[in-house]
Amino acid sequence: MSLKTVVSIVGARPQFIKAAPVSRALAASFREVLIHTGQHYDHGMSEIFFRELEMRPPDFHLGLGGGTHGEQTGKMLIGIERILSSVRPDCVLVYGDTNSTLSGALAAAQNQVPLAHVEAGLRSYNRAMPEEVNRVLTDHISSLLFCPTDAAIENLAREGITRGVHRVGDVMYDALLHNLALARERSTILNTLGLEQGTYALATVHRAANTDDPARMRAILTALRSLGTGVIFPVHPRTRKMIRESGLSLSRNVMMIEPVSHFDALVLQENADCILTDSGGMQKEAYLLGVRCITLREETEWVETVQAGWNKLTGVDAGLIRSAFDTWHPSGERPALYGNGHAAQEICQILSGEFS
Ligand code: UD1
């Protein structure tokens, strides 16, 4: 009997991390065809992840990074549709909330290929974020919705989506369990940067709402400057460009470095005194690693990390950021919010039940 075919679509950094455990699980019972849209294309944002995560090279690389949201999404949709019509898969699998996610979802739905969404049901309830639009639209055209949390299931139910919904846990937790020991063994980033455990803060900023608004970016840099500690700041290409163009300056306690590999990111996070970020993935990784997280946004999709007391939403108010950094030291329980580390196998079993 020939194996059923799943087309998986990735394009941006966090999607490589999420897809790796799912690809490993799929290998036993499916033929997987991997499409990389090229949304992230720098070596340090793409190839290095494939190498560290031991992913096989994509079957198709569309090379479609850059451009406006519309240009990116439109070109990806055309490229993915062509591949779907030649591969004729039994199912398309998309991850998260990027433009690659939405274009893959549209290509599948418009060509009557069943669509499965990993990390379904997340909501920030802020439609000004392209990610929120991408995830809402993707959820509404998916036939299988793999949710990481109870909150995600409830969000979908509020929008009338109850069929095909499965709470499987978070594939990023699977990924963390797989990668953390390897990262500790292989990453040399602490030595390279001369860092000691618990003596520095780690900051990342890449959301358009922050990077593309000079007032918000200035407020974030002011806050980082005011922390009485060294700050390691791996800088996304978008953020570097915006800092340069708006003539903002950094202070001596803030060390700007190139984007780091996933293993280096895990080690930098695990050993930080505090993480300051607008990334969704890092809010979860901070929680899972037991490191306090200050989120440089007004809202989050990962509400349970805030409810559990390990994540604080400060927006970009320098006073709030500084006061949280100085006075807030969570130490409470960290319940298992993100499943049992077997989300990828569960996804694979559900797909097998549906398509085999
Ligand atoms: C995208 C996702 C975001 C996700 C993030 C992960 C969307 C709408 N946003 O944001 O949800 O959290 O990825 O990192 O899909 N660039 C480079 N080199 C690269 C990649 C990007 O120079 O390797 C530049 C692009 O040309 C562009 C800017 O960075 O000017 C932004 O890249 P883009 O892919 O549009 O979105 P991200 O901000 O990375």
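This note goes through the ligand site, the cavities, one pocket and the aromatic pairs of a predicted model.

1. The ligand shell. The ligand is surrounded by 21 residues, and the closest are Gln39, His40, Tyr41, Glu131 and His236. Sorted by class, this shell holds 9 polar, 6 nonpolar and 6 charged residues. Four helices each give at least two residues to the shell: α1 (13–26), α3 (69–87), α5 (130–140) and α11 (237–245).

2. Polar contacts of the ligand. Three side chains can be looked at in turn. Glutamine 39, already listed among the closest residues, has a polar side-chain atom 2.8 Å from an oxygen atom of the ligand. For arginine 238, a side-chain N or O atom is 3.0 Å from an oxygen atom of the ligand. For glutamine 72, the distance between a side-chain N or O atom and an oxygen atom of the ligand is 3.5 Å.

3. Cover of the ligand. How much of the ligand's accessible area does the protein cover? On its own the ligand has 750 Å² of accessible area, and the protein covers 88% of this.

4. The largest cavity. The model has 2 cavities of 30 Å³ or more. The largest cavity has a volume of about 40 Å³. Its lining consists of Lys18, Val118, Glu119, Phe146, Cys147, Pro148, Val168, Gly169, Asp170 and Val171. By class, that lining has 6 nonpolar, 3 charged and 1 polar residues. Gly169 is the polar one, because glycine is counted as polar in this scheme.

5. The second largest cavity. This cavity holds about 30 Å³ of space. Leu221, Leu224, Arg225, Ser249, Leu250, Ser251 and Val254 line it. Which helix gives the most to this lining? Helix α10 (residues 214–226) does, with 3 residues. The class count for the lining of the second largest cavity is 4 nonpolar, 2 polar and 1 charged.

6. The second largest pocket. About 180 Å³ of space lies in the second largest pocket. Its lining has 14 residues, and the closest to the pocket centre are Asn126, Met129, Arg207, Ala209 and Asn210. Helices α5 and α9 (208–211) each supply at least two lining residues. The largest share comes from α9, with 3 residues. Helix α5 should be noted twice, as it also supplies at least two residues of the shell around the ligand. By class, the pocket lining divides into 6 charged, 6 nonpolar and 2 polar residues.

7. Aromatic pairs. The count of aromatic pairs in the model is 4. One of them joins tryptophan 302 and tyrosine 338, with ring centres 5.9 Å apart and planes at 70°. Is this pair stacked or edge-to-face? The pair is edge-to-face, because the angle of 70° is over the 60 degrees that this class requires. The two residues are 36 apart in the chain, and the pair links distant parts of it. Tryptophan 302 is in the loop between β12 (292–295) and α14 (303–307), whereas tyrosine 338 is in the loop between α15 (318–327) and α16 (343–355).

How values were computed
Residues are numbered from 1 along each chain as its sequence is written. This is a predicted model: local features need pLDDT of at least 70, side-chain atom pairs count only at pLDDT 80 or more; totals for chains, interfaces and linings use all residues. Side-chain values use heavy atoms; hydrogens and water are left out. A residue is near a molecule or strand if one of its heavy atoms lies within 4 Å of it. A polar contact is a pair of N or O atoms within 3.5 Å; within protein, one must be able to donate a hydrogen and the other to accept it, and residues adjacent in sequence count only if both atoms are side-chain atoms. Accessible areas come from the Shrake-Rupley method with a 1.4 Å probe; for residues, only the protein chains shown count as cover. On a 1 Å grid over the protein atoms alone, a cavity is a set of points where a 1.4 Å probe fits but cannot get out, and a pocket is an open set with protein on both sides within 12 Å along at least five of seven lines; lining residues have an atom within 4 Å of a point. Grid points are joined across faces, edges and corners, and a volume is the space filled by probe spheres set on the points. Rings of Phe, Tyr and Trp (its six-membered ring) pair if their centres lie within 6.5 Å; planes under 30 degrees apart count as stacked, over 60 as edge-to-face and the rest as tilted.
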